[in-house]
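Here are some questions about how terms are applied to one structure. Each answer sets a value against its cut-off.

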Amino acid sequence: MSHYQVVKGARDIFPDEMVQWKYVEEVVSRLAVTYGFSEIRTPVFEYTELFQRSIGASTDIVGKEMFSFQPDPGGRSITLRPEMTAGVMRAVLQKNLLAASPVQKLYYISELFRKERPQAGRQRQFSQFGAELLGASSPAAVAEVIIFMMHVFESLGLKGLRLRINTLGNRDDRQKYREALRAYLAPSFDRLDEASRERFEKNPLRILDSKNPEMQDIVAGAPKLRDYLSSDAVDDFEKVLAYLSGRGIDFQIDHLLVRGLDYYSYTAFEVTSSELGAQDALGGGGRYDSLALELGSPSEVPAAGFAVGMERLLIAMQKQGLFQQQAPEGPSVFVVVQQPEHFDRAFEIAGKLRRSGISTVIDLARRSMKAQLREANRMHAASALFVGGDELASGLYALKNLVSSSQETFSLDGVVTFLQQQTPVNGNLR
RNA sequence: GUGAUUGUAGCUCAGUUGGUUAGAGCGCCAGGUUGUGGCCCUGGAGGUCGGGGGUUCGAGUCCCCUCAUUCACCCCA
């Protein structure tokens with residue numbers, strides 16, 4: 001066992017699993033294009049203030065889960081991004097992309113970092129794919145984002161998902177409601193748990209979605225946000241729901257759904273999977289019109305987006321056996337060296353095959369023939385090309401199909417021609 | 001940050017109330033088959049028993065510390 005091991009909360013992805021990642025990433029990218037989203041990549045770190053400003057200084061993420069450090073003595077603190085939205089918004093505002101084109105549709109597949117205690121479906125380094133739709137305030141914008149997300153799940157074949165959705169109203173609605181909620185909770189303040197007491201001042205809405213059963217009892221009789229919504233917010237929400245229904249998407253309205261990032265307004269949503277343990281949120285998002293303003297934009301930028309946890313998605317898919325077809329692809333041919341003294345000639349032949357676009361493996365460890373063929377089986381090579389004294393003398397090579405065990409003899413050019421015909425168009429030839 | 005859980009071969013795991021040289025299956029390597037894989041047979045390599053300290057004539061086994069793992073709280077994707 002090595003003296004060194006992966007950092008707590010991080011993990012290696014080996015080739016067997018990598019195949020699954022590639023598959024999911026391809027589906028995401030393909031559908032993103034279908035919905036008109038373009039890919040963006042932003043740096044893994046940003047100035048710390050960006051996250052304090054956007055996610056909210058009172059949130060747990062900013063309060064205790066960020067990897068922050070100071071690269072230059074006395075310089076500004078920077079932070080490994082704990083989420084993507086802030087960085088994307090920062091990039092769009094900095095480049096003034098909305099001036100070039102007022103609606104921006106961007107997607108990403110990126111790594112995030114949060115200093116939490118690792119657990120099933122929760123790591124310190126993790127990946128999300130997500131999308132941000134900036135510059136459009138219509139309910140259709142939020143709906144499109146949700147539909148895109150659900151379409152990805154559908155294409156991947158995921159079952160057992162639950163989409164919960166709520167509207168948080170506009171800023172005024174929430175302000176009025178916040179006051180009402182505080183007034184209701186104030187007499188019960190002594191019964192609140194520690195976290196809820198803290199939220200009482202900073203963000204009382206978050207008390208609503210506490211998992212603590214005692215909090216839930218207290219909250220049960222609280223005034224409802226829906227009674228404080230402006231007609232504007234109600235209309236917007238109903239329109240969003242209508243779009244979802246129109247697309248045949250099942251959802252549950254959950255008036256207690258609040259979500260932990262401060263920048264949400266109007267629609268907020270979350271998807272959970274029954275396949276995951278305690279960390280069952282597969283994805284979530286919502287509308288965040290005020291974020292641009294927080295980041296110094298002169299005006300509000302209507303915006304909606306979502307993020308999905310890649311690791312959780314993979315876990316759910318693995319549990320549902322959705323990766324049966326994603327076996328690692330083997331090489332077209334394994335060059336078997338019959339006597340060690342012929343290795344150099346065989347190596348040249350392998351090179352020729354590779355220049356012809358044929359994926360080729362040759363045993364570099366100079367093992368026995370039996371071992372070479374075992375290796376060829378192990379990596380699912382399609383065929384074996386035998387190279388020995390007889391072949392080099394005659395120029396005729398035996399090519400064995402490792403699946404059917406049939407064997408044919410070709411000249412070297414004949415081998416190339418034959419294998420090129422065998423190679424699938426979208427397979428090993430790239 | 002809190003509470004539990006588990007650390008023995010590459011992997012999955014045995015290992016009795018503390019008692020010789022720590023085992024099995026799978027995998028790996030080689031041979032049986034001197035130029036043809038999968039099945040079978042035979043053999044081999046591979047272990048600081050997570051690490052440190054203690055108790056003991058003797059510790060994989062008991063005690064303490066520590067590191068790591070996993071799960072849950074919390075939070076979130």
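The turns below go from the whole chain to single residues.

This is a predicted model, in which local features need pLDDT of at least 70, side-chain atom pairs count only at pLDDT 80 or more, and totals for chains, interfaces and linings use all residues. Residues are numbered from 1 along each chain as its sequence is written, chains are lettered from A and ligands numbered from 1 in written order, and side-chain values use heavy atoms, without hydrogens and water.

Q: Why is chain A called more spread out than a compact globule?
A: The radius of gyration, taken over C-alpha atoms, is set against the globule rule of 2.2 Å times the number of residues to the power 0.38. For 430 residues the rule gives 22 Å; chain A has 28 Å, well over that, so it is more spread out than a compact globule. The C-alpha trace spans about 95 × 50 × 45 Å along its principal axes.

Q: How many helices and strands are there in chain A?
A: Chain A has 16 helices and 16 strands. These are DSSP runs, numbered from the N terminus: helices are H or I with at least four residues, strands E with at least two.

Q: What makes Phe37 and Phe148 a stacked pair?
A: Rings of Phe, Tyr and Trp (its six-membered ring) pair if their centres lie within 6.5 Å; planes under 30 degrees apart count as stacked, over 60 as edge-to-face and the rest as tilted. The centres of Phe37 and Phe148 are 5.1 Å apart, with 20° between the planes. Both values pass, so the pair is stacked. Phe37 lies in the loop between helix H1 (15-34) and strand S1 (38-39) and Phe148 in helix H6 (residues 139-156), so the pair ties together parts that are 111 residues apart in sequence. Ring pairs also link Phe37 and Phe148 into a cluster with Tyr35, Phe129 and Phe306.

Q: Why is Phe343 called buried or exposed?
A: Buried means under 20% relative accessible area, exposed over 50%, partly exposed in between (1.4 Å probe, protein chains only). Phe343 has 9% relative accessibility, so it counts as buried. Phe347 has 42%, so it counts as partly exposed. Phe343 and Phe347 form a stacked pair, at 5.6 Å centre to centre and 25° between the planes. Both lie in helix H13 (residues 343-355), 4 residues apart, about one turn of the helix.

Q: How do you know that Arg76 sits over the ring of Tyr47?
A: The test is NZ of Lys or CZ of Arg within 6 Å of the ring centre and within 35 degrees of the ring normal. The charged end of Arg76 is 3.6 Å from the centre of the Tyr47 ring. Arg287 lies over the face of Tyr266, at 4.4 Å from the ring centre.

Q: Which residues touch the most other members of the largest nonpolar core?
A: A nonpolar core is a set of buried Ala, Val, Leu, Ile, Met, Phe, Trp, Tyr and Cys residues joined through side-chain atoms within 4.5 Å. This one has 48 residues; Val24, Phe37, Phe129, Phe148, Phe153, Phe306 and Leu313 touch the most other members. H6 gives the most to this core, with 12 residues.

Q: What is Pro43 in contact with, leaving aside its neighbours within four places in sequence?
A: Contact means heavy atoms within 4.5 Å. Pro43 is in contact with Arg81 and Arg90, leaving aside those neighbours. Pro43 is placed in the loop between S1 and strand S2 (45-47).
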